[in-house]
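Biologist: I would like a close look at a single part of this model. Please start from one residue and work outward.

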Amino acid sequence: MSTRKASLTDKQTKNGTSKYVLERCASVNEYYDIAFKVMLLGDSAVGKTCILVRFKDGAFLGGNFIATVGIDFRNKVVDVDNLKVKLQIWDTAGQERFRSVTHAYYRDAQALLLLYDITNKPSFENIRAWLTETHEYAQKDVVIMLLGNKSDMAAERVVKTEEGEKLAKEYGVPFMETSAKTGVNVELAFLAIAKELKHRATEQPNEPKFQIHDYIESQKHKSGCCGLK
Ligand SMILES: Nc1nc2c(ncn2[C@@H]2O[C@H](COP(=O)(O)OP(=O)(O)OP(=O)(O)O)[C@@H](O)[C@H]2O)c(=O)[nH]1
């Protein structure tokens, strides 16, 4: 069991991360125009922490698996259409015994990344239960994305890409397979979420609506670990 501790205080959750913050803000030397909260959800060991570390630091946390205790978060600022968008990304513990802790944080999240492991069938089968939880605890208009992680482990795959696509279609949510190990589609997943949230927050009545599904389809497989524009 890890020594990682729940580090998100009430004060931190309220610090410059309200839904539509549009003035320029500085937080620990990071300037941003608008801020959103994103939560990573899914069974234990599907790779939530690794996806976050890959996105934030461009590295892979290999070696011994250390389960997250409670909830933790990291910030990353990305550029979307000349705006600096800060994503405050909450990494939750997948283990059942921490569920009541994480439920309390759903309400403030504007987006949820729901992960399963393509080499672990139960983690995929549990996605329906995760979706039920999100409907119970999250905001009605929360943006949800389904991610099939560990796509680098082709030999151990037990969940077909088409099964992920089918489930995502059933729930009307965007889907892609990712690998925290190789970086495939990791930046794309977060960037698509940032774009969707930014467009929702700044949308003008006569502007065409941002189509997250179309954006993802046009960008899939282009993104490795770095450099997606
Ligand atoms: N091959 C491969 N291994 C991965 C990938 N992502 C995560 N792992 C491994 O899977 C294990 C679990 O990863 P974590 O990121 O700690 O899982 P988690 O979902 O945060 O787990 P909890 O904290 O218990 O909720 C670790 O041993 C990682 O090295 C991936 O994309 N490919």
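Does Ala45 count as buried, partly exposed or exposed, and why?

Modeller: Keep in mind that this is a predicted model. Ala45 counts as partly exposed, because it has 16 C-beta neighbours inside 10 Å. A residue needs 20 or more to be buried, and 12 or fewer to be exposed. Now place Ala45 in the chain. It sits in the loop between strand S3 (34-41) and helix H2 (48-57). Its backbone deserves a look too. The phi of Ala45 is positive, about 75°, although Ala45 is not a glycine.

Next, follow the chain into H2. This helix gives the most to the shell around the ligand, with 3 residues. The ligand has 22 residues around it. Those that come nearest are Ser44, Gly47, Ala67, Thr68 and Gly94. Sorted by class, the shell holds 9 nonpolar, 9 polar and 4 charged residues.

H2 also has a helix partner. It packs against H7 at an angle of about 85°, and the two axes are 9 Å apart. Angles of 65 to 115 degrees count as roughly perpendicular, so H2 and H7 are roughly perpendicular to each other. On the H2 side, Ile51, Arg54 and Phe55 make the contact. On the H7 side, Val186, Glu187 and Phe190 do so. By class, this contact has 4 nonpolar residues, no polar ones and 2 charged ones.

Now look at the start of H7. Asn185 lies in the loop between strand S8 (175-177) and helix H7 (186-202). Asn185 has a positive phi of about 65°, and it is not a glycine either. How is its setting described? Asn185 counts as buried, because 26 C-beta neighbours lie inside 10 Å. Ala45, with 16, counts as partly exposed.

From H7, step into the core. The largest nonpolar core has 54 residues. Leu113, Leu114, Ala189 and Ile193 have the most contacts inside it. H7 supplies the largest share of this core, 9 residues.

Finish with Leu114. Set aside its neighbours within four places in sequence. Leu114 is then in contact with Leu41, Gly42, Ile127, Trp130, Ile144, Met145, Leu146 and Leu147. One of these, Leu41, brings us back to our starting point: S3 covers 34-41, and the loop with Ala45 lies between S3 and H2.

Terms used:
Residues are numbered from 1 along each chain as its sequence is written. This is a predicted model: local features need pLDDT of at least 70, side-chain atom pairs count only at pLDDT 80 or more; totals for chains, interfaces and linings use all residues. Helices (H or I, at least four residues) and strands (E, at least two) are DSSP runs, numbered from the N terminus. A nonpolar core is a set of buried Ala, Val, Leu, Ile, Met, Phe, Trp, Tyr and Cys residues joined through C-beta atoms within 7 Å. Two residues are in contact if their C-beta atoms, placed from the backbone, lie within 7 Å. A residue is near a molecule or strand if its C-beta atom, placed from the backbone, lies within 6 Å of it. Ala, Val, Leu, Ile, Met, Phe, Trp, Tyr, Cys and Pro count as nonpolar, Asp, Glu, Lys and Arg as charged, and the others, Gly among them, as polar. Axes are lines fitted to C-alpha atoms, for helices over the stretch in contact, and angles run from 0 to 180 degrees between N-to-C directions. Angles under 35 degrees count as roughly parallel, over 145 as roughly antiparallel, 65 to 115 as roughly perpendicular and the rest as oblique.
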